[in-house]
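This report describes the fold of a single model, going from strand pairing to helix packing. The structure is shown first.

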Amino acid sequence: MSGAVEAKLAELGLTLPEVVPPLAAYQPAVQSGPYVYTAGQLPMVAGKLPVTGKVGAEVTSEEAKDLARICALNALAAVKSVAGDLDRIKRVVKVVGFVASASDFTGQPAVLNGASELLGAVLGDKGVHARSAVGVAVLPLDAPVEVEIQVELEQA
């Protein structure tokens, strides 16, 4: 059964994907008290990365922004796997994004806007969050972007 959040996704032309299976020994998301913490989510689509490489070299900033948006969708799927219903999200507390960056690339915040803007579009005021945008040398599977989120849930 889908609620208001998934209806908003549909209105935006988006579908909540299946939870991306872990690449190693971890869970896609865990709950502690009223908070759900996701593992870093890669921009996997149907089990594959649509693009690989460094942002500012093989991957453009605009491509990476779109990939960050996919990461945020995957993170919402991970939250739903634990919370059961995305309508339980009270607010997104924190977003942390990692951008595999060419040595001279400094546009990490603009890339991560893909994730932040998606969360705002889908969740409204509940999607407003604190954020870190970090440039790194390399990410798993040569992914250009990885995003993790922390959300607070309404009590069930």
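## Strand pairing and helix packing

Within β4, A130 is the bridge partner of K94. The model is a predicted one, and this bridge belongs to the pairing of β3 with β4. Strand β3 covers residues 89-100 and pairs with β4 in the parallel sense, over seven bridges. V95 has R131 as its bridge partner in β4, and F98 has V134 there.

F98 also stands opposite a residue of β5, namely E146. The pairing of β3 with β5 is antiparallel and runs over nine bridges. The table lists these bridge pairs.

| Residue | Partner | Strand of the partner |
|---|---|---|
| K94 | A130 | β4 |
| V95 | R131 | β4 |
| F98 | V134 | β4 |
| F98 | E146 | β5 |

How are the strands ordered in the sheet? The order is β1-β2-β5-β3-β4, in an open sheet of five strands with mixed pairing. β1 (29-32) and β4 (130-136) are the edge strands, and each of them pairs on one side only. From one strand to the next, the twist averages 15°.

Two residues of the loop between β4 and β5 have a positive phi without being glycine. L141, placed in that loop, has a phi near 60°. D142 lies in the loop between β4 and β5 as well, and its phi is about 65°.

The helices come next. Helix α2, residues 61-83, lies across β1, β2 (35-38), β3 and β5 (145-153), and runs at about 40° to β5. Helix α3 spans residues 108-123 and packs on the sheet, where it touches β3, β4 and β5. The direction of α3 makes about 145° with that of β4.

α3 is also part of the chain path between two paired strands. From β3 the chain crosses through α3 to β4, and this β-α-β crossover is right-handed.

Two packed helices are described by the angle between their axes and the distance between the axes. For α2 and α3, the axes come within 7 Å and cross at roughly 45°. Angles of 65 to 115 degrees count as roughly perpendicular and those under 35 degrees as roughly parallel; α2 and α3 are therefore oblique to each other. In handedness, the crossing of α2 past α3 is right-handed.

Which residues of α2 meet α3? They are S61, A64, K65, A68, R69, A72, L73 and L76. On the side of α3, the residues met are A110, V111, L112, N113, G114, A115, E117, L118, L119, V122 and L123. Sorted by class, the contact of α2 with α3 has 13 nonpolar, three polar and three charged residues.

A further helix, α1 (residues 4-11), packs against α3. The axes of α1 and α3 come within 8 Å and cross at roughly 115°. In this contact V5, K8 and L9 of α1 meet A121, V122 and L123 of α3. By class, the residues of the contact of α1 with α3 are five nonpolar, no polar and one charged. V122 and L123 of α3 thus appear both in the contact with α2 and in the contact with α1.

Terms used: Residues numbered from 1 in each chain as written. Predicted model: local features only at pLDDT ≥ 70, side-chain atom pairs only at ≥ 80, totals over all residues. Heavy atoms only, no water. Pairing = 2+ DSSP bridges. Helix = DSSP H or I, 4+ residues; strand = E, 2+ residues; numbered from the N terminus. Axes fitted to C-alpha atoms, helices over the stretch in contact; angles between N-to-C directions. Contact = heavy atoms within 4.5 Å. Parallel < 35°, antiparallel > 145°, perpendicular 65-115°, else oblique. Left-handed = near helix turned anticlockwise from the far one by under 90°. Nonpolar A, V, L, I, M, F, W, Y, C, P; charged D, E, K, R; others polar. Right-handed = clockwise from strand over helix to strand, strands pointing away.
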